[in-house]
Amino acid sequence: MQTLLLSASDPAAPALAAELIRRGELVAIPTETVYGLGADGLNEAAVAKIFQAKGRPQDNPLILHIWDARQLELFCHHIPESAYALASAFWPGPLTMVLPARDIVPRTTTAGLSTVAIRCPDSAVTREIIRLSGVPIAAPSANISGKPSTTTAQHVLHDHDGKIAAIVDGGPCRVGVESTIVDLTEDRPRLLRPGGIGPEQLISVLGDLVVDKAVTAQLGNDDIVKAPGMKYRHYAPQEPVVIVSGSREAAASYIRKHFIPGDRVLCFEEELPLYEGCSPLAYGKEADVTTLSAGLFAALRELDDPAIHQVYARCPVGGGVAYAVQNRLRKAAAFHIIDAEEET
Ligand code: TXA
Ligand code: MG
């Protein structure tokens, strides 16, 4: 199959993409977080193609993307007041809510769960595609399962050229890490995945938030998970990643001491001079965490190279979107963290 590349600025793109979605084809769509691999979320055969193209485990449910918050009631029931409050505060935007699913949502989309994850993305072209297609679009991140997510149309082309009907190129994703997922089906709201909306922002609306264990620790095979996707190896290049925490100087001294040829250093731009001779790759500025979230997955993709032996990574501290960057890097490192202040 020839994969069609459509530009988001082409006025014909939304109608063309919507037509492909209606026909049950796969179309990669830009969002503010990452590119999604979209299909008609109500069409089981179309949804099955997503799992196949990504090599995604069948028990890992998909997010339904809607174009307007008012569509929530079409696909969910028993919607608490807190969901409306979150929608009015953060939609369109990088927030996904888990709510009880209506029967119209196929169990292929929810991987057999009675709940559905739903979000209204902050991309005008993608919302227009959803509106014109007349169906909610199921879309996971467009990467091959287990690999770093796709934040440019070129990343999607790399993973799916010739396998999907079209890619809508909306340029690099602004946020760069996936949406925050909050489960509203229990007594207390539960953070299943940190993302573009920080925990403090959620608490400012909800007044309460439980952080799921999957966010903060490596889960074992026997752990019961709320977000099935959290138990899989994720976001990671093929070689081991080790996070080195501590001050700039302590980290540089630890890394320089242990560095061997074939290793790489993933650091902040401000740190580049400290790693001369150690093949450093900067993913953004520590002083501006939005550049770190926007640059993280492209950097992890660049480091996904069989010639690399090990990656030493520097990770931002703090809340907001830094919390999501920490989460993705910790997962890429399988929670392997070395405190340089103690080690040197
Ligand atoms: O920013 C994003 O959310 C991107 C863009 C494309 O919208 N999408 C995305 O989808 O990250 P994906 O499939 O890569 O991650 C969705 C996560 C998975 O961990 C999945 O297990 C979880 O959401 N999930 C989906 N439905 C769920 C449900 N009903 N209950 C709990 N977790 C759910
Ligand atoms: Mg994903």
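The exercises below, each with a worked solution, walk through a predicted model.

**Exercise 1. Find which residues come nearest to ligand 1, and work out which side chains make polar contacts with one of its oxygen atoms.**

Begin with the surroundings: there are 27 residues around ligand 1, and those that come nearest are Thr33, Asn60, His65, Ser179 and Gly229. Next, look at the distances between polar atoms, where a pair of N or O atoms counts as a polar contact if it lies within 3.5 Å. For Thr33, a polar atom of the side chain is 2.7 Å from an oxygen atom of ligand 1, and for Asn60 the corresponding distance from a polar side-chain atom to an oxygen atom of the ligand is 2.6 Å. Arg193 also takes part, since an N or O atom in its side chain lies 2.9 Å from an oxygen atom of ligand 1. Finally, consider how far the ligand is covered: taken alone, ligand 1 exposes 680 Å², and the protein buries 97% of that.

**Exercise 2. Determine which elements build the shell around ligand 1, and what kinds of residues the shell holds.**

First identify the elements that give two or more residues to the shell, which are strand 4 (63-65), strand 6 (115-119) and strand 10 (190-193). Then ask which of the elements gives the most, and the result is strand 6, with 4 residues. As a last step, sort the residues of the shell by type, which yields 14 nonpolar, 8 polar and 5 charged.

**Exercise 3. Describe the largest pocket: its occupant, its volume and its lining.**

Start with the occupant, for the largest pocket is the space taken by ligand 1. The volume follows, at about 700 Å³. The lining comprises 46 residues, of which Arg56, Asn60, Pro61, Ile63 and Ile181 are the closest to the centre of the pocket. Moving from residues to elements, at least two lining residues are supplied by each of strand 4, strand 6, strand 9 (180-183) and strand 10, and strand 6 gives the most, with 4 residues. Sorted by type, the lining divides into 20 nonpolar, 18 polar and 8 charged residues.

**Exercise 4. Locate the largest cavity and say which elements enclose it.**

Count first: the structure holds 1 cavity of 30 Å³ or more, and the space in the largest cavity comes to about 40 Å³. Its lining consists of Val215, Thr216, Tyr323, Gln326, Asn327 and Arg330. Assigning these to elements, helix 8 (213-216) and helix 11 (321-332) each give two or more residues to the lining, with helix 11 giving the most, namely 4 residues. By type, the lining of this cavity divides into 2 nonpolar, 3 polar and 1 charged.

**Exercise 5. Explain why the backbone at Pro92 and at Ala111 deserves a second look.**

The background for this step is that most residues other than glycine have a negative phi, and most peptide bonds are trans. Against this, consider the bond that joins Trp91 and Pro92, which is cis, with an omega of about -10°. Pro92 itself is found in the loop between helix 4 (81-90) and strand 5 (95-100). Now turn to Ala111, which is not a glycine and yet has a positive phi of about 55°. To place Ala111 in the structure, look in the loop between strand 5 and strand 6.

Key:
Residues numbered from 1 in each chain as written. Chains lettered and ligands numbered in written order. Predicted model: local features only at pLDDT ≥ 70, side-chain atom pairs only at ≥ 80, totals over all residues. Heavy atoms only, no water. Near = heavy atom within 4 Å. Polar contact = N/O pair within 3.5 Å; in protein donor to acceptor, adjacent residues only side chain to side chain. Areas by Shrake-Rupley, 256 points an atom, 1.4 Å probe, with all protein chains shown as cover. 1 Å grid on protein atoms, 1.4 Å probe; cavity = no way out; pocket = protein on both sides within 12 Å on 5 of 7 lines; lining within 4 Å. Sits in = over half its atoms within 2 Å of the grid points. Nonpolar A, V, L, I, M, F, W, Y, C, P; charged D, E, K, R; others polar. Points joined across faces, edges and corners; volume = space filled by probe spheres on them.
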